[in-house]
Amino acid sequence: KKIISILLKHKPKAIFNLAAETHVDRSIDGPKNFLKSNILGVFNILEALRYIKKKNINTKLIHVSTDEVYGDIKKNKRSNENFPYIPSSPYSASKASADHLVQSYIRTYKLEAIISKCCNNYGPFQFPEKLIPKIIFNIFNNKNLPVYAKGLNIREWIFVLDHCDALYKLYLKGKSGESYNVGSNINLKNIDLIKEILKVCKKQNISIGKKSKISFIKDRPGHDFRYALDSSKIKRKIKWKRATNINKGLNQTIKWYYENQKFF
C-alpha cells in the first residue's frame, strides 16, 4: 500500500530496484531475510506496478540483479544473457527467483521492465562487510587481511559510477523484456586484488602495520570459483562500456575511505 500511494502521488517514469540483501556469507548463515527482501520485496514492487498500470500510469522498472545467478563460470568462458541460471547460494537463488518473477510479470501483465545483471561493485559508501572496504578498514586499523582458501577465486569488478551510468543508459535505451549484463572485463583473483589495494595504499602514503598481512581462512560452503560476464550486448545495443580501470577506481575508493573513516 505504501509503494502504491507513492507511485500514485508521484507517477514516476521509472523505478530502479537496487534494494536487496546482498552479502553471500550472511545468506548462508541466515537465508530468511534474503528471501523476504529479494523475492517478496520484488513481488511487492511488481504488484504495485500492476495496480498503477490499471490507472494508466506506466512506470518502467529497471531491476538490478547479479552475475551470481549464472553460478560458477568455467575458465576461458564468459556468461552471456542466454546462459542458464545455476545459483549456488541462498543469496544468488533469491536473486534468480526475483528475475523469474520480473520476467513473468512482463509476459503476463505486460509490465515494462528490464533486468540488468552486474558484476561486483566497489567504490565510496560501500557497506564495510564487503571485501574491498573490509580490507581497507583492516589496513587502516593494523588488522590481518582475511581471504578465503588460497585467494584464487576470481571476481569481475566494476566501479560504482560506471554501473550507475549503465543503469541510466538502460533506462533511456533499454528494451522492455530484455536482460543486459553489465560488466567491466576486469577479472582478478581475490589475492591479487588485495595486493593491488596494498600497493595503492603505499602510493598514497598510508601506513601499513605489521599485522596487516594476508591470512588464509577456511573457505565458505558452496563458494563459486569464478564469475565472468560477457557484456557485449550492452556495448552493442546501448553503446555503454566502463570508463574506470581498477587502479583509478581503487585510488578514488581508498582516498575516500581514508578521508571518511567515521563511515566505518
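**Reading exposure, backbone, helix packing and rings**

Author: Lys-110 is exposed, for its relative accessible area is 58%, and the cut-off for exposed is over 50%. The model under discussion is predicted.

Reader: Where is Lys-110 found?

Author: Lys-110 lies in the loop that runs between helix H4 (90-109) and strand E3 (113-118).

Reader: What is the phi of Lys-110 near?

Author: Most residues other than glycine have a negative phi. In this structure, Lys-110 has a phi near 60°, a positive value in a residue other than glycine. Asn-185, likewise not a glycine, has a positive phi of about 65°.

Reader: Where is Asn-185 found, and what does Asn-185 count as at 44% relative accessibility?

Author: The loop between strand E7 (179-182) and strand E8 (187-189) holds Asn-185. With a relative accessibility of 44%, this residue counts as partly exposed.

Reader: At what angle do helix H5 and helix H9 pack?

Author: Helix H5 (residues 131-140) packs against helix H9 (residues 246-259) at an angle of about 55°, and their axes are 11 Å apart. An angle from 35 to 65 degrees counts as oblique, and H5 and H9 are therefore oblique to each other. The crossing in which H5 passes H9 is right-handed.

Reader: Which residues of H5 and H9 meet?

Author: From H5 come Ile-132, Pro-133, Ile-136 and Phe-140; from H9 come Leu-250, Thr-253, Ile-254, Tyr-257 and Tyr-258. The residues of this contact comprise 8 nonpolar, 1 polar and no charged.

Reader: How many aromatic pairs does the structure hold, and how should the pair of Trp-256 and Tyr-257 be read?

Author: There are 17 aromatic pairs in the structure. The ring centres of Trp-256 and Tyr-257 are 5.0 Å apart and the ring planes stand at 85°, so this pair is edge-to-face. The cut-off for that class is over 60 degrees between the planes. Tyr-257 also pairs with Phe-264, and that pair is stacked, with 5.1 Å from centre to centre and 20° between the planes.

Reader: Are these residues buried or exposed, beginning with Tyr-257?

Author: Tyr-257 counts as buried, at 0% relative accessibility. Trp-256 is buried as well, with a relative accessible area of 15%. Phe-264 is partly exposed, its relative accessible area being 26%.

Reader: Which residues do ring pairs link into a cluster?

Author: The cluster linked by ring pairs consists of Phe-125, Phe-137, Phe-140, Trp-256, Tyr-257, Tyr-258, Phe-263 and Phe-264. Phe-140, Tyr-257 and Tyr-258 were also named above, in the contact of H5 with H9.

Definitions and conventions: Residues numbered from 1 in each chain as written. Predicted model: local features only at pLDDT ≥ 70, side-chain atom pairs only at ≥ 80, totals over all residues. Heavy atoms only, no water. Axes fitted to C-alpha atoms, helices over the stretch in contact; angles between N-to-C directions. Helix = DSSP H or I, 4+ residues; strand = E, 2+ residues; numbered from the N terminus. Parallel < 35°, antiparallel > 145°, perpendicular 65-115°, else oblique. Left-handed = near helix turned anticlockwise from the far one by under 90°. Contact = heavy atoms within 4.5 Å. Nonpolar A, V, L, I, M, F, W, Y, C, P; charged D, E, K, R; others polar. Buried < 20%, exposed > 50% of the residue type's maximum accessible area, 1.4 Å probe, protein only. Phe/Tyr/Trp six-rings, centres within 6.5 Å; stacked < 30°, edge-to-face > 60°.
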